[in-house]
Amino acid sequence: MIEPGIVKIENLKSEDSSRISRIIKFEGQLDESNIDENSIKVYELIAKYPQKLFLLLDFEKLEYMNSKSIGYLADWYGRIKEGKGKIVISSAPKNIMEIMEGVGLNELIGCYSSFTDAQKALLGN
């Protein structure tokens, strides 16, 4: 059975108190049936912290994302960068990385094979 997309937001410890750091864990499939609903959670977070928001997107359990999901991801990147924040991706499965590379998002958003490497790149520690 294919699981619907689930988005969970958790705090991420940072030594820099001027930053708002969060982990967003994606699970299952993000597609037409659930991406709009799930993206609202991320937009609410960006609206709440428009400046210096640092996001680590954990794709380890993400199985699929459609083109609309890619569009949201690009928009989140733009909004976070505009607010002097940063966004990175960790642990994306091969099929997700192929999508990211195909549309060039890996050129904008740092993609790391491990959570630890992504965390270091995001927070510099």
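Trainee: In this predicted model, what is the relative accessible area of Arg79?

Mentor: Arg79 lies in helix H2, which spans residues 67-82. Buried residues fall under 20% and exposed ones over 50%. Arg79 is partly exposed, because its relative accessible area lies between those limits, at 42%.

Trainee: Which residue forms a salt bridge with Arg79?

Mentor: The partner is also in helix H2, four residues from Arg79, or about one turn of the helix. The closest N and O atoms of the pair are 2.8 Å apart. The partner is partly exposed, with a relative accessible area of 28%. The residue is Asp75.

Trainee: How far apart are the closest N and O atoms of Lys8 and Glu27?

Mentor: This salt bridge links distant parts of the chain, 19 residues apart. Lys8 sits in strand S1 (residues 6-11) and Glu27 in strand S2 (residues 20-30). Lys8 is partly exposed, at 39% relative accessibility. For Lys8 and Glu27, the closest N and O atoms are separated by 3.5 Å.

Trainee: Is Arg19 buried or partly exposed?

Mentor: Arg19 forms a salt bridge with Asp16, with 3.4 Å between the closest N and O atoms. The relative accessible area of Arg19 is 23%. The buried class ends under 20%, so Arg19 counts as partly exposed.

Trainee: Which residues are linked with Lys68 in a network of salt bridges?

Mentor: A salt bridge pairs a nitrogen of Lys or Arg with a carboxyl oxygen of Asp or Glu. The network holds Lys68 together with two acidic residues. Those residues are Glu32 and Asp36.

Key
Residues numbered from 1 in each chain as written. Predicted model: local features only at pLDDT ≥ 70, side-chain atom pairs only at ≥ 80, totals over all residues. Heavy atoms only, no water. Salt bridge = Lys/Arg side-chain N within 4 Å of Asp/Glu carboxyl O. Helix = DSSP H or I, 4+ residues; strand = E, 2+ residues; numbered from the N terminus. Buried < 20%, exposed > 50% of the residue type's maximum accessible area, 1.4 Å probe, protein only.
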